Amino acid sequence: MSPDKYIKNYINGALVPAVSGEYFDNYNPAIGQVYSHIPDSDEQDVQQALEAAERALPEWKRMEPTKRFRILTRIADIIEQNLEEFAKAESIDSGKPFAMARSVDIPRAHQNIRFFATSLLHFSSESHSMPNQAINYTLRQPIGVVGCISPWNLPLYLFTWKIAPALATGNCVIGKPSEMTPMTAYMLSKACIEAGLPEGVLNIVHGHGAKTGQAMVEHPCIKAISFTGGTETGKKIISTAGPMFKKLSLELGGKNPNIIFADCDFDEMMMTTLRSSFSNNGQICLCGSRIYIERAIYEKFRDELVKRTQFLKVGDPFSAVTDLGALVSKAHMEKVMGYLTLAEVEGGTILCGGTPVKMKGEYADGYFLRPAVIEGLTQDCRTIQEEIFGPVVTITPFDTEEEVLGFANGTDYGLSATVWTKDISRANRMAENLEAGIVWVNCWMVRDLRTPFGGVKSSGVGREGGLEAMKFFTEPKNVCIKYS
Ligand code: TXE
């Protein structure tokens, strides 16, 4: 299951180079250097993957569910048995702390596969009776060959979140992990071979988004695309795939409000707010990057948040005391720092952080940034409106429920929101009126895999999770039988 210096595509059950024979560089962001090479795949590789998937489809979609369940479960078991190696690879590839990859990313990856493997055993469809006349039943059939495109922030976690329901429902899949973090998807291909997944059922094609990803989206025989990534990329995918009438599930960016009322449990809120602000360096689409605090506790909150943020340890991803590792790339670090400069131009005050961490030795050229807290911005400025996707939060006081709802709903995004209050009526009012796909009350990132997951407005189209994902990857067909 080991990582290799030269990553290979996984097509028709074999590990192969790109047809072009070309590779491009894969960086370890904690040391700022190239450590492996990624196949530079193009439409020829996508075509080979498609042909393999089409050959595999008839047998896979008709396979006895318990057999499909057993194969998928074996893949999950192999990931679990190789937890340390997968977590190490994920940390090196993405810059995130090893401890996080070991306790969050990789466990969630095998849980995703197991969750959907068991779901396939329980998946059923509806029937609708017309008394004395007819009975309708709905077949839910796999779509065919589908594409799953995933981002770099939670690499194996989000890749498996897509491919698992697609495979469980009997589709054959072409998956494309992010070119920034391809290693654990490559290791997954080895796990699939070891688990005896039939050739061509899952194909993993590595490469650049604009080339490999775009070739998948454009291919007329790939009937559905499940995508997680940036909103701009989502727009591009819709503009290509929309006119082709492809089924689309798009999970895009977020600029999530974290709303704190004075009556909350302050200690618990502080502990969770630190996590919802800076987990994975703020590179989670669900992070609460806009914090709104009821004025009565604004100063107490601000001082405590700044104090705790300054205590966070940034550095060596393999040190047990590290809270924040490296940002995913040099370009991303520059983007985040660009927003910090912008925040000051827009009238904000950076209360702490926002400067690169100068490490010594091995990590001297890594992309490390101190987490930042900004206050004093107006709601219409770009720092508040745009997704930064880094260790940066803004804090703003509010006076009334109505005012904070206006702030919270006042961006183009609508992925998640968090509300801290002990007043149950207020919590319900807020939950009802927040424009978001997910609302957390007195918690953050508590996830039941059965629940719908996705956003409104520019945060996406469609829902993943549980039954929603099983439905997305199947086509309902109604059969009507007249009997009177
Ligand atoms: O993502 P991209 P990027 C946000 C975040 C970040 C910004 C840009 O704000 O700063 O997006 O990140 C593939 N056709 N999020 O540029 O490009 C690409 O190869 C098909 C939020 O890294 O959207 C990768 O596999 N595929 C987010 C995947 O899309 C294409 C997570 C995501 O990359 C493609 C990541 C194309 N034309 C970034 N272009 C979240 N919602 O969690 C790229 N790709």
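**Entry 1: Thr-181**

I started at Thr-181, which lies in the loop between β8 (172-176) and α6. Helices (H or I, at least four residues) and strands (E, at least two) are DSSP runs, numbered from the N terminus. I looked up whether Thr-181 is buried or exposed. At 2% relative accessibility, Thr-181 counts as buried. Here buried means under 20% relative accessible area, exposed means over 50%, and partly exposed is in between (1.4 Å probe, protein chains only). I then listed the contacts of Thr-181, leaving aside its neighbours within four places in sequence: Asp-93, Ser-94, Pro-151, Trp-152, Pro-155 and Val-328. Contact means heavy atoms within 4.5 Å.

**Entry 2: ground rules**

I noted that this is a predicted model, where local features need pLDDT of at least 70, side-chain atom pairs count only at pLDDT 80 or more, and totals for chains, interfaces and linings use all residues. Residues are numbered from 1 along each chain as its sequence is written, and side-chain values use heavy atoms, with hydrogens and water left out.

**Entry 3: two domains**

Next I looked up the domains. The protein is divided into domain 1 (9-252 + 459-480) and domain 2 (257-448). These bounds come from an automatic or database domain assignment. The centres of the two domains, taken over C-alpha atoms, are 30 Å apart. Domain 1 gives 27 residues to the contact, and domain 2 gives 28 residues.

How much area do domain 1 and domain 2 bury between them? I found about 2,200 Å², with 61% of it on carbon and sulfur atoms. Buried area is the accessible area (1.4 Å probe) that two parts lose on being put together, summed over both. On the side of domain 1, Ala-30, Trp-152 and Ser-459 lose the most area to domain 2. Together they make up 24% of what that side buries. Trp-152 was already in my notes as a contact of Thr-181.

I checked the interface for salt bridges and found zero by the rule. A salt bridge is a side-chain nitrogen of Lys or Arg within 4 Å of a carboxyl oxygen of Asp or Glu. For polar contacts, the rule finds eight residue pairs across the interface (both at pLDDT 80 or more). A polar contact is a pair of N or O atoms within 3.5 Å; within protein, one must be able to donate a hydrogen and the other to accept it, and residues adjacent in sequence count only if both atoms are side-chain atoms.

Which elements give two or more residues to the side of domain 1 that touches domain 2? They are α3 (83-94), α4 (98-122) and α5 (155-168). The largest share, four residues, comes from α3. I sorted the residues of this side into 14 nonpolar, nine polar and four charged. In this sorting, Ala, Val, Leu, Ile, Met, Phe, Trp, Tyr, Cys and Pro count as nonpolar, Asp, Glu, Lys and Arg as charged, and the others, Gly among them, as polar.

**Entry 4: two more buried residues**

I moved to Leu-197, in the loop between α6 (183-195) and β9 (202-204). Leu-197 is buried, with a relative accessible area of 6%. Beyond its neighbours within four places in sequence, its contacts include Tyr-10, Trp-60 and Ile-71. I also took one long distance: Leu-197 and Ile-424 are 227 residues apart in sequence and 49 Å apart in space, C-alpha to C-alpha.

Ser-36 lies in strand β4 (residues 33-39). At 0% relative accessibility, Ser-36 is buried. Phe-24, Asn-26 and Met-183 are among its contacts outside four places in sequence.

**Entry 5: positive phi**

Asn-12 is not a glycine, yet has a positive phi of about 55°. It is found in the loop between β1 (9-11) and β2 (14-16). Asn-442 has a positive phi near 55°. Its place is in the loop between β18 (438-441) and β19 (460-461). Asn-12 is partly exposed at 27% relative accessibility, and Asn-442 is partly exposed at 31%.

**Entry 6: salt bridges**

Side chains of opposite charge can pair when their charged atoms come close. I counted 20 salt bridges by the rule. Lys-235 pairs with Glu-232, the closest N and O atoms being 3.1 Å apart. Both lie in helix α8 (residues 231-241), three residues apart, about one turn of the helix. Both are exposed. Arg-382 bridges to Glu-386 at 2.7 Å between the closest N and O atoms. Last, I noted that Asp-77, Glu-80 and Arg-114 are joined into one network by salt bridges that share partners.
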